[in-house]
Amino acid sequence: MKPPHSPRWLNLFSFASPMQFYPLAGRLIPLFMALAILLCAAGFWIGFAIAPGDAQQGEGYRIIFLHVPTSWMAMFIYVVMAFWSVMHLILRTRLSAMMAQALAPTGALMAFLSLFTGALWGKPMWGTWWVWDARLTSMLLLFFLYLGFIALTRSIDEPDRADKAGSVLAIVGVFNVPVIYFSVKWWNTLHQGASISMEKGSSMASTMLVAMLLMSLAAWMYSIASCLSRVRTLILQREGYTRWVKERIAQGEK
């Protein structure tokens, strides 16, 4: 007696196949991009039009609505990259390595925006664009880790070797993430402590908190959409020799 067939959406492991994942990613990209635009618009409106000015920092504090979400995403994306790298080394799944490589450019963008907006905030508040502070320096190291990962994986012609080398670098570099997060606790830094923590909750006004959370969700949605778009390109490049890719290209798929 044959076992009953379960719906494909229940068998999540089937999407580990690039052929199965490619159309799913294509259907999800518009959804996540639309959510990113809506959440970003709502976050901007509340953060820059409704939220009150800060008693100490005036209007300059509003840069946190860009700075904090991009900083969170820069750290989180690297952790996800390390996860996919572990999956690639253990399970030898091709899609895992491609996911890690698809995430890297977005992570680098988030790390750059974190550093850039931090400098914009630091000049009026600290009187300088940059200091070799533990938080800033470890975030700069994260940015270089992203660039190093991208350069390494693209400089090796053989995909298997590139995937292994990139996976090792992603796993080694992930230990910098807790250093970034706890740097304000471990060392006496110029950077202020977290406004939101698991132990103490939020010290921000409710409208400020809502705006920051909306912008953070927008950054999440954008990161997912950009990753899915990039991994589809990688799938077509890597699987170009397969019949299903040739058929899609013949049908005009880009």
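Over residues 103–122 the chain is wholly helical, at 100% helix and 0% strand. The end C-alpha atoms of that stretch are 28 Å apart. This is a predicted model, and the values below are computed from it.

**Overall layout**

The chain has eight helices and two strands. From the N terminus, the order of elements is α-α-α-α-α-α-β-β-α-α. Of the 254 residues in the chain, 43% are buried. Contacts with a separation of 6 or more are counted here: 74% of them join residues 24 or more positions apart.

The UniProt record, an unreviewed entry, places "transmembrane region" features at residues 28–51, 71–91, 103–122, 134–153, 165–184 and 204–228. One of these spans, residues 28–51, is 96% helix and 0% strand in the model. Its end C-alpha atoms lie 32 Å apart.

**Helix packing around H4**

Two packed helices are described by the angle between their axes and the distance between the axes. Three pairs involving H4 are set out here.

| Helix pair | Angle between axes | Distance between axes |
|---|---|---|
| H2 and H4 | about 45° | 11 Å |
| H3 and H4 | roughly 150° | 9 Å (axes come within this) |
| H4 and H5 | about 170° | 9 Å |

Start with H2 and H4. Helix H4 covers residues 134–155, and its axis makes an angle of about 45° with that of H2. That angle makes H2 oblique to H4. H2 passes H4 in a left-handed crossing. On the H2 side, the contact is made by Ser71, Ala74, Met75, Ile77, Tyr78 and Met81. H4 contributes Met139, Leu142, Leu145, Tyr146 and Phe149. By class, this contact has 10 nonpolar residues, one polar and no charged.

Next come H3 and H4. Their axes cross at roughly 150°, and the two helices are therefore roughly antiparallel to each other. The crossing of H3 and H4 is left-handed. From H3, the residues that meet H4 include Ala100, Gln101, Ala104, Pro105, Gly107, Ala108 and Trp126. Their partners in H4 include Leu136, Met139, Phe143, Tyr146, Ile150 and Arg154. The contact of H3 with H4 divides into 16 nonpolar, four polar and one charged residues.

Then H4 and H5. Helix H5 covers residues 159–173 and packs against H4 at about 170°. H4 and H5 are therefore roughly antiparallel to each other. Leu145, Gly148, Phe149, Leu152 and Thr153 of H4 meet Ala162, Ala165, Gly166, Ser167, Leu169, Ala170 and Gly173 of H5. This contact holds seven nonpolar residues, five polar and no charged.

**Ser85 in H2**

Is Ser85 buried or exposed? Its relative accessibility is 1%, so Ser85 counts as buried. Ser85 sits in helix H2, which covers residues 64–91. Setting aside neighbours within four places in sequence, Ser85 is in contact with Ala100, Gly166, Ser167, Ala170 and Ile171. Of these partners, Ala100 also belongs to the H3 side of the contact with H4. Gly166, Ser167 and Ala170 are among the H5 residues that meet H4.

**Arg92 in the loop**

Most residues other than glycine have a negative phi. Arg92 has a positive phi of about 60° although it is not a glycine. Arg92 is found in the loop between H2 and H3. Its relative accessible area of 44% makes Arg92 partly exposed.

**Pro105 and Leu113 in H3**

Pro105 is found in helix H3, residues 94–126. Pro105 has a relative accessible area of 21% and is partly exposed; the buried class needs a value under 20%. Which residues does Pro105 contact, leaving aside neighbours within four places in sequence? They are Ile150, Arg154 and Arg230. Pro105 and Arg230 are 125 residues apart in sequence, yet their C-alpha atoms are 9.2 Å apart in space. Ile150 and Arg154 both appear on the H4 side of the contact with H3.

Leu113 also has its place in helix H3. With a relative accessible area of 29%, Leu113 is partly exposed. Beyond neighbours within four places in sequence, Leu113 is in contact with Thr70 and Gly118. The C-alpha atoms of Leu113 and Pro69 are separated by 9.7 Å, and the two residues are 44 residues apart along the chain.

Key:
Residues numbered from 1 in each chain as written. Predicted model: local features only at pLDDT ≥ 70, side-chain atom pairs only at ≥ 80, totals over all residues. Heavy atoms only, no water. Helix = DSSP H or I, 4+ residues; strand = E, 2+ residues; numbered from the N terminus. Buried < 20%, exposed > 50% of the residue type's maximum accessible area, 1.4 Å probe, protein only. Contact = heavy atoms within 4.5 Å. UniProt positions renumbered as here; feature names shortened; annotations may be inferred. Axes fitted to C-alpha atoms, helices over the stretch in contact; angles between N-to-C directions. Parallel < 35°, antiparallel > 145°, perpendicular 65-115°, else oblique. Left-handed = near helix turned anticlockwise from the far one by under 90°. Nonpolar A, V, L, I, M, F, W, Y, C, P; charged D, E, K, R; others polar.
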